[in-house]
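Good morning, and thank you for making time for this item. I would ask you to look at the sequence and the structure together as I speak.

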Amino acid sequence: MRIDKKQIDQHNSDVQKTHQKRFDFAKSDIPNAEAIIQKLIDFNVAIPSWALGTGGTRFARFSGAGEPGNLEQKMEDIGLLHALNNSSGAISLHIPWDIPSDYAAIKQLATDLNLKFDAMNSNTFQDQKDQALSYKFGSLQNTNKAIRRQAIEHNIEVIKHGVKLGSKALTVWLSDGSCFPGQLNFRKAFQNTLESLHEIYAALPSDWKVFVEYKAFEPNFYSMTVGDWGQSLLYANKLGPKAFTLVDLGHHLPNANIEQIVALLMMEEKLAGFHFNDSKYGDDDLTVGSIKPYQLFLIFNELVEGMDARGLNHATDLGWMIDASHNVKDPLEDLLQSVEAIMLSYAQALLVDRTQLNKAQENNDVVAAQEILQNTFRTDLRALVAEARLRAGGALDPIAFYRYNKIRAGLIKERGTNTIATGL
Ligand code: RM4
Ligand code: MN
Ligand code: MN
């Protein structure tokens, strides 16, 4: 299913008057409104292929209807999102869930939908049908060399798929670890993992990067072999200049100061980028900004500060992706909400008065510093984000458009009610 540009224009003209009023009001108070709008137009967040179907828990999965049944349909779903918000112009593939059967056709489809191929993801946290050896006790860390070999080969395969599609990065997330004290020799597990990662690193093309994603717990509950940013950074530093640490917002212990982690990783030039989501308790994979919007803003505040300090291109130098999975919502509506939350926090971070903030910090004026951040966070920039979408050809109100034009009903008509997307 493709969205007709005329429908978007119709929607925009229907809500234009209200929008204009809000936009004029917001703009009157914002000195750098035009610069912010341009940055928003340039900014894109990749969508993971596994977020397009309804997610499950370990108890149940209540599949939605009209889910994409293959890679082409997943790309079409992202094409819909991108047509509506102009900020979802990339897909991140998970192998083996998304192995293309016809690379040329998939690349053509990506061009038609104006999508790029973001980082490729390997999967050694599940056993696949016909797989020779099991990952029950880990993959790259495994005490059994043959199992490590199999996992290394899989990652190299993933790189090869990515090369054919024009991707430039491999994300390695390992579920490796242990569930009980004594199960694992921590040092040996680390060293096996490092040795395995070295082999994967050696297979990277010269213009590729590898992102080492960490996670505090789950599915292992006593130790994780890449359990936090310190461990990930150890691997990244030992591996070399093409290796970076990837931050997934849901992969921290409660109350972790993620914005500080981000600032220091940028200082070390080792931040790969993000998997955005939100959480109340753990790796909940909830809609971005749905639980802790202030934290999201504080993270973007550090990102903008750190990227500008290093002269990075906000849109292209770090990897931006959503990593969420939802049990009770229409995944496309949920993704529209997540992208909106990201754009809003980014816009607000661009609005922070850095000169005044620096001054307050230098003078130890705690109250002034806090005021600057909180006033910015409480500034309503939704109309600016909408204006950026409008100028880029998207819809002023993507969710209203999606509902009014009954997009899900159209997808169900095309695909049926019983399709189930591959993924978790
Ligand atoms: C993990 C992690 C990875 C993702 C899988 C599906 O918790 O966040 O990034 O590939 O889930
Ligand atoms: Mn992730
Ligand atoms: Mn996760």
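Let me begin with the sequence. The donors of the manganese ion (ligand 2) follow the spacing E-x34-D-x26-H-x47-D along the chain. Please bear in mind that this is a predicted model.

The first two of those positions deserve a remark. Glu213 belongs to strand β7 (residues 209-213) and Asp248 to strand β9 (residues 243-248), so the pair ties together parts that are 35 residues apart in sequence. Glu213 and Asp248 are both buried.

Turning to the coordination itself, the protein donors are Glu213 (OE), Asp248 (OD), His275 (ND1) and Asp323 (OD), at 2.1 to 2.2 Å from the manganese ion (ligand 2). What is the arrangement of the six donor atoms around this ion? It is octahedral, because the angles they subtend run from 72 to 167°. For reference, the ideal angles for six octahedral donors are 90 or 180 degrees. A further manganese ion (ligand 3) is 4.0 Å from the manganese ion (ligand 2).

I now come to ligand 1. It is surrounded by 11 residues, and the closest are His94, Glu213, Asp248, His251 and Asp323. By class, this shell comprises three nonpolar, three polar and five charged residues.

Which distances separate oxygen atoms of ligand 1 from polar side-chain atoms of His94, His275 and Asp283? For His94 the distance is 2.9 Å, for His275 it is 3.3 Å, and for Asp283 it is 3.3 Å. On its own, ligand 1 has 290 Å² of accessible area, of which the protein covers 95%.

Thank you; I welcome your comments.

Notes: Residues numbered from 1 in each chain as written. Chains lettered and ligands numbered in written order. Predicted model: local features only at pLDDT ≥ 70, side-chain atom pairs only at ≥ 80, totals over all residues. Heavy atoms only, no water. Donors = N, O, S within 2.8 Å, 3.2 Å for Na, K, Ca; no water. Tetrahedral: all angles 85-135°; square planar, octahedral: opposite > 155°, others 65-115°. Helix = DSSP H or I, 4+ residues; strand = E, 2+ residues; numbered from the N terminus. Buried < 20%, exposed > 50% of the residue type's maximum accessible area, 1.4 Å probe, protein only. Near = heavy atom within 4 Å. Polar contact = N/O pair within 3.5 Å; in protein donor to acceptor, adjacent residues only side chain to side chain. Areas by Shrake-Rupley, 256 points an atom, 1.4 Å probe, with all protein chains shown as cover. Nonpolar A, V, L, I, M, F, W, Y, C, P; charged D, E, K, R; others polar.
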